[in-house]
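Me: Please take a close look at one part of this model, a strand and the sheet around it. Then set it against the rest of the assembly.

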Amino acid sequence: MSDASTAGREGNFTARRSLAKSISAIESGGPEALAIEQRALQKPASAHVLGITGPPGAGKSSLINALLPHALDHYGAVAILAVDPSSSLTGGALLGDRVRMDYRHFDQKVFFRSMASRGYQGGIAAATRASVNVLDAAGWPLVIIETLGIGQVELDVMALADRVAVVLNPGWGDSFQANKAGLTEQGDAFVLNKADRPGLENAIMLLEQSLQCLPTMTPPAVFTTIATDGEGVPELWQALAQLMQDAPQEQQNRRRSHAVREGAKTQLLNDFEAFLASPAAASPENGPSDSAANLLQRFYRQQD
Amino acid sequence: MKPKRILMAKTGLDGHWRGPTIVARALRDAGFEVIMIGMATTAEIVAAAIDEDVDLVGLNIGGHIDVALRAVDAVQSAAPDMPIFAGGTIPPHACKQLEAKGLEVFPPGSMLTDIVDSANRLTGLSPAQ
Amino acid sequence: MRPKDPNDTVQACSDIPLKSYYTAEDIPSSHAQRANIAPGEAPYHRGFHPSGYRSKPWRIFQLSGFGKPEDENERIKFLLKNGETGFIMEHDRNTADHCYNVDHPEVLARREDVGLTGAVMQSVRDTAICLDGLPMDSSFGHAGGAVVQHAPFALAAYWAVAKKRGYDLSKLAGTGQSDFNLTYLGCVTKQQIPTQAGLRFNGDIIEFCTEHLPRWVPVSIAGYNGADTGLTPDQELGSLFANAVEYLDEIKLRGRIPLEVAARGCGGVSFRASIKIFEEACKMRAARLMWSDLLKERYDIKDERVANLRIHCVTAGSKMAYQQPMNNLVRGALMAVSAVLGGVQSLGVSGYDEALSIPSEHAHQMSVRIQQILMEETGLTDVTDPLGGSYYVETLTAQLVEKSWAFFEEIQSRGGYLACLDSGWLHAKAEENQHKEFMQTESGEANIVGVTMAHDDSSPFEIDGFIGTDDAFDVALERLKEVKRTRHEKGAKTALKDLERVCRGSDNIMPVMMDCLEAEATLGEVGDVYREVFGDWRTPIQC
């Protein structure tokens, strides 16, 4: 077990703080963020990554809280990245996922980080990908990503996670178009949480129908839980643990190459922004006949 | 300018949520990312401050000042550079004790604009007084 | 709050526009006839008894207590000596609200807070110390148990002590509270039983009292805790009656006791008296009217005695300012005046040091003095419903009734009061109002003397906070150990096992709770049974 998760005992917060600060640096973006991620990517991938997604109010936080003791038993240490929306008006955010956790489980074996989306579309934060890789490199065996929960298209977690569990509630058919969001095609497990609410039977039926339409051989399993009192949670955990065990190595590789490519994209964009701000970007003729092709030509020349 | 992160915790086991909610929303409206952890022990507050790497710790205090002072000491020991501010039902003698530890204190009747100004200053978004 | 232009709209707290003056034509026709009745006539907005305070003054009833049970005993005796005419037992909130003993990790982590908000009473022995020498049989005691999950324990403890002293429970007068607004809306605890379990508890308390303690008010719905969290007067009223409906419907469903009897029990309620004098007085008048109509129209209860709504009032703690605390004496007095004009049956005035701490002896004494002055010197007790017939008051009362029923209906359409707690809908309403109120103060639209204007920069404060005692935790821990060491262990364990069985089933919880208290089971052990059987309420808000 790495230093990061054992740090913090006996008041030694140095390694822990260093990990937390590298995530902050990633959130700030820029060349330091890219460098941190590239360093982390040099270590082979070993963490399992589990995505928990679903509409707001589904009980994602409560479910993670209920799964946590089982996850700790299994993996020994767990990191959680929980994303909440930033206000498009003010740029601020209320990050209220941590408060849903029972802190008694925490005991340094749990690293919980709240993240604001900061305008990033796709259900996670721009910094989530690199944070996963940094946590992996620091030796955290399981990283759970709790997505934003807007409910429409939030599929970026698919590229980051080995497995994704979709959390819904009875009555979901009325308000949440899971099939339109593409989640029925991408979820590895479906959880009907707040199973004590009316309409459970219908909800299960509707879900199973949606999942039957998929071209895959066996549809993903459907679970019912009441996260707040633990009902259905051990069974769900067993299934999720098995799913992650069985997740093909290629998913981890795909995750890694995705990270490398995304990092490269960001670097490229940064370089281009820098170029645009420089005098070299100006057209030699200084006229309206400049074209995108010419601009790019000048950019490539500058890079050489 | 990337948003600054503020931790909001209650040191007592008192569930009044009016005050902290109003402050959290005002800070959010001023562009801060507010991580609310509710009623938390000293150890939980320190763990949150460190792991969330916040720019400012906000404590809602009511009850005996020693409970809050323990939390303040622990945060200052684990992260000496992390500023702390506090609000709540804090009688005058307790305000003085907190101020002596370097905190800005906002008893009942404090204006939200003053709290937001303080947050801006303590997180370096505006110049220190 | 004065408008910049006299022609600007001024709103009452319930968002009802106020005219600059009223005439008879303003009284809504639906209410015009009712405006002409006498006190003692349905629907009783003018009061249930024509002789009003001439025959029975309101009860001077102050929330009291801190520290060890003997400290609370001393403070209660002080208040009784100074003139209060009933007494209220306040329980330490760290332990009682959560049903934890002092050795629970969450309490240990905050040991200095123990005893700050009420006395620690972990077993019947503590309750006995608290009640030592108090006139349980001749006065009117509030057993505490304001918190729903704590209520059965607190009530059983009080009754067990009464029994031991040889009092006849069937003659014992007093009140419980067990109020959902307190910990499910206003002051949300870290952990508590779900609302349905709470409803079961309160149904059991109502049934038990009907059978064994007919003079005891089993539960008391406290609009106070909704209002001080942010609900406006119409919302305070609407939600209170929606809460009452939950109880009455539950009793009706159980079918074991006549609804009139239960309704009589539910007729003891509690309101906040805030500082808008006329609106608050109208609120009390509206409440009596609404209760009378609710009983007839929804439940077809014809027994007029049941329509006697006994109102306890507590002045708004949140209106007491931290700055220039002496100003709060005036605020307390004025809020008390509005309650008295509203014809309430009992009254507690917040201490002038409310914004700093629990009341010092002096602040407590002043709260009693304020009430005594109103009672003895002002002539307020000479005439029943003195505001009756005022064009303004009758109009506002009618408008408030209409708005409150609309809120009540909205709650019903959303599944009822408990459903609105579970979903966070009521919290959202409260928050919306809080935000608005704060913005009004911040913008200067609303003024608070000494806080937003008339600042006093020269002297810091005239008083400091009262810090009770500093040995509450240590003594409580010692006593906890002693109880466990010296009690009949087998008896306590058996009683707790029975409690678990009853909790899982549907028998009335109070008999087995009495057994638990008499067997000296402790608060935390009872709480552990609840946590095991009922689990935790799904808190709808982040706090």
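Reply:

**A strand and its sheet**

In chain B, strand β1 (residues 5–10) and strand β3 (residues 56–62) run parallel and are joined by five bridges. The model is predicted.

Take the pairing with β3(B) first. B:Met8 has B:Gly58 as its bridge partner there. B:Lys10 stands opposite B:Asn60, also in β3(B).

Now the other pairing. β1(B) is joined to strand β2 (residues 33–39) of chain B by six bridges, and these two strands run parallel as well. B:Arg5 has its bridge partner in β2(B), namely B:Glu33. The connection between the two strands passes through helix α1 (residues 18–29) of chain B. This β-α-β crossover is right-handed.

How is β1(B) covered? Six of its six residues are buried, so the strand is mostly covered. In a regular strand, side chains alternate between the two faces of the sheet. Here B:Arg5, B:Leu7 and B:Ala9 point one way. B:Ile6, B:Met8 and B:Lys10 point the other way. Residues on both sides are buried. That includes the charged residues B:Arg5 and B:Lys10.

Step out to the sheet. It is open and has six strands, with parallel pairing. The order is β3(A)-β2(B)-β1(B)-β3(B)-β4(B)-β5(B). Chain A thus contributes β3(A), beside β2(B). At the edges stand β3 (93–95) of chain A and β5 (104–106) of chain B. Each has a single partner strand, so one side of each is left without a neighbour in the sheet. Neighbouring strands are turned by 20° against each other on average, with direction ignored.

Chain A, which supplies one of those edge strands, has 13 helices and eight strands. Of its 304 residues, 44% are buried. Among its contacts with a separation of 6 or more, 73% are between residues 24 or more positions apart.

Next, the contacts made by chain C. Toward chain B, the contact takes 34 residues from chain C and 30 residues from chain B. On the chain C side, α4 and α18 (425–443) each supply at least two residues. α18(C) gives the most, with five residues. By class, this side of chain C has 14 nonpolar, eleven polar and nine charged residues.

Between chains A and C, the contact takes four residues from each. The chain A side divides into one nonpolar, two polar and one charged residue.

One helix of chain C deserves a look of its own. Helix α22 (residues 523–534) has twelve residues. At 1.5 Å a residue, α22(C) should span 16 Å. Its end C-alpha atoms are 16 Å apart, which agrees. Buried in α22(C) are C:Leu523, C:Glu525, C:Val526, C:Gly527, C:Val529, C:Tyr530 and C:Phe534. The buried residues of α22(C) pack against five helices of chain C: α4 (93–96), α7 (151–164), α9 (195–212), α20 (489–504) and α21 (509–518). One of these, α4(C), also supplies at least two residues to the side that touches chain B. Just after α22(C), C:Gly535 takes a positive phi of about 70°.

Back to the starting point. β1(B) lies between β2(B) and β3(B) in the sheet order. Six bridges join β1(B) to β2(B), and five join β1(B) to β3(B).

Methods:
Residues numbered from 1 in each chain as written. Chains lettered and ligands numbered in written order. Predicted model: local features only at pLDDT ≥ 70, side-chain atom pairs only at ≥ 80, totals over all residues. Contact = placed C-beta atoms within 7 Å. Helix = DSSP H or I, 4+ residues; strand = E, 2+ residues; numbered from the N terminus. Expected span 1.5 Å × (residues − 1). Buried ≥ 20, exposed ≤ 12 C-beta atoms within 10 Å, placed from the backbone. Pairing = 2+ DSSP bridges. Axes fitted to C-alpha atoms, helices over the stretch in contact; angles between N-to-C directions. Right-handed = clockwise from strand over helix to strand, strands pointing away.
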